[in-house]
Amino acid sequence: MRDIFIFFCLFGLAGAALWRPWLMTFAYLYTDLVQPQRLSYYLFQGVPLSLIIAIASVLLFLADRKKNLRFNVVQVLMALFVMWFTFTSTRALIQDSQVWFKWDSAWKAVVFGGLFLPLVLSTRRRLEAAVVLTVLCVGLVTVSGAMKTLAGGGGYGELRMIVEINKGLYESSTISTVGVAIVPLILYLYKHSPLVGQNIWTRTAMIGLCASSILIVIGTEARTGLVCIAALTAMYFVRSKRKLLFALVGSVVLVASVPLLPSSFVDRMLTILHPSEEVSAATRTTVWSWALNFVKEHPFGGGFRVNRLTQFSVT
């Protein structure tokens, strides 16, 4: 049943792309974010869906007579960036297959996301539609994680969402960061996008998605998520016209929520106060310090995976 549902979702988008070629890019966004091939039991297991749909997106775009080929400064910079890390890869201090494995992933991401997507999302309607799709894809993951968190299934490295992998959106720190980052997008779409509108259904969805974005931080117990929540709160505080009221309500919510939080979450968040005593944080700060010194000696870079020159293995 799950395979059939995934098939009809992809088939529907692919069929619509014959009418509107840019919709194939939306199929790619869905495939790359949610990774439905990993949800499949039989039909799509082992099939490189993202690669197939990415190629189809480019071909349909090139065949579209109404395509937009106007480039901007950002796209030029993205192209120069690809050329730059290709150059540094040829001169990498440590040459092995892993360098070019990283390069292969990097150039595809930058070219498709930095060069191709702006050509496709050339109108406000397309851009807003892409944002809506992105929010829904991320929401699919955060809602599943939030439900398991409420059921008591959270914990650092233990929360399992709709796919049991540690890559992409399903990595704990990544989903915590992205989940909090889409909150402003959710609020913007609800308030301003004609594609969403304002009614009881969209209001309920907005509240549910925002709540799941917070719960996913608690469920994953990723400190990155807490930092993102703090940054988001600071941003809204600066933009608020009633800062005193905002600070008062925020303080009440904070004090009231702490006793309800799992003790494991509170203990892990408190390690932020003592980074030198926690292995993960200490490793990061050490590698960052090493990287700054490395740049001073090698201003043109050292290629992918150059961090292996240290005693730490940081991916």
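**Salt bridges, a helix pair and a buried threonine**

Author: Let's start in helix α5 (residues 97–120), home to both lysine 108 and aspartate 104, which sit four residues apart, about one turn of the helix. Helices here are DSSP runs of H or I with at least four residues, numbered from the N terminus. This is a predicted model, where local features need pLDDT of at least 70 and side-chain atom pairs count only at pLDDT 80 or more, while totals for chains, interfaces and linings use all residues. Residues are numbered from 1 along each chain as its sequence is written, and side-chain values use heavy atoms, leaving out hydrogens and water.

Reader: How many salt bridges does the structure hold?

Author: The cut-off first: a side-chain nitrogen of Lys or Arg has to be within 4 Å of a carboxyl oxygen of Asp or Glu. On that basis there are two salt bridges. Lysine 108 pairs with aspartate 104, with the closest N and O atoms 3.1 Å apart. Arginine 124 pairs with glutamate 128, where the closest N and O atoms are 2.9 Å apart. That second pair lies in helix α6, again four residues apart, or about one turn of the helix.

Reader: Is glutamate 128 buried or exposed?

Author: Go by relative accessible area: under 20% is buried, over 50% exposed, and in between is partly exposed (1.4 Å probe, protein chains only). Glutamate 128 has 6%, so it is buried, whereas arginine 124 is exposed at 55%. In the other bridge, lysine 108 is partly exposed at 39%, and aspartate 104 is partly exposed at 29%.

Reader: What is the angle between α2 and α6?

Author: Two packed helices get described by the angle between their axes and the distance between the axes. Here helix α2 (residues 23–34) packs on helix α6 (residues 124–150) at about 25 degrees, with the axes 10 Å apart. Since angles under 35 degrees count as roughly parallel, α2 is roughly parallel to α6. Contact means heavy atoms within 4.5 Å. On the α2 side, the contact is made by Phe26, Leu29, Tyr30, Leu33 and Val34. From α6 come Arg126, Ala129, Ala130, Leu133, Thr134, Cys137 and Leu140.

Reader: Where does threonine 202 lie?

Author: Threonine 202 is in helix α9 (residues 200–220). Its relative accessibility is 15%, so threonine 202 counts as buried.

Reader: And which residues is threonine 202 in contact with, leaving aside its neighbours within four places in sequence?

Author: With those neighbours set aside, threonine 202 is in contact with Tyr190, Val196 and Gly197.

Technical notes:
Helices (H or I, at least four residues) and strands (E, at least two) are DSSP runs, numbered from the N terminus. Axes are lines fitted to C-alpha atoms, for helices over the stretch in contact, and angles run from 0 to 180 degrees between N-to-C directions. Angles under 35 degrees count as roughly parallel, over 145 as roughly antiparallel, 65 to 115 as roughly perpendicular and the rest as oblique.
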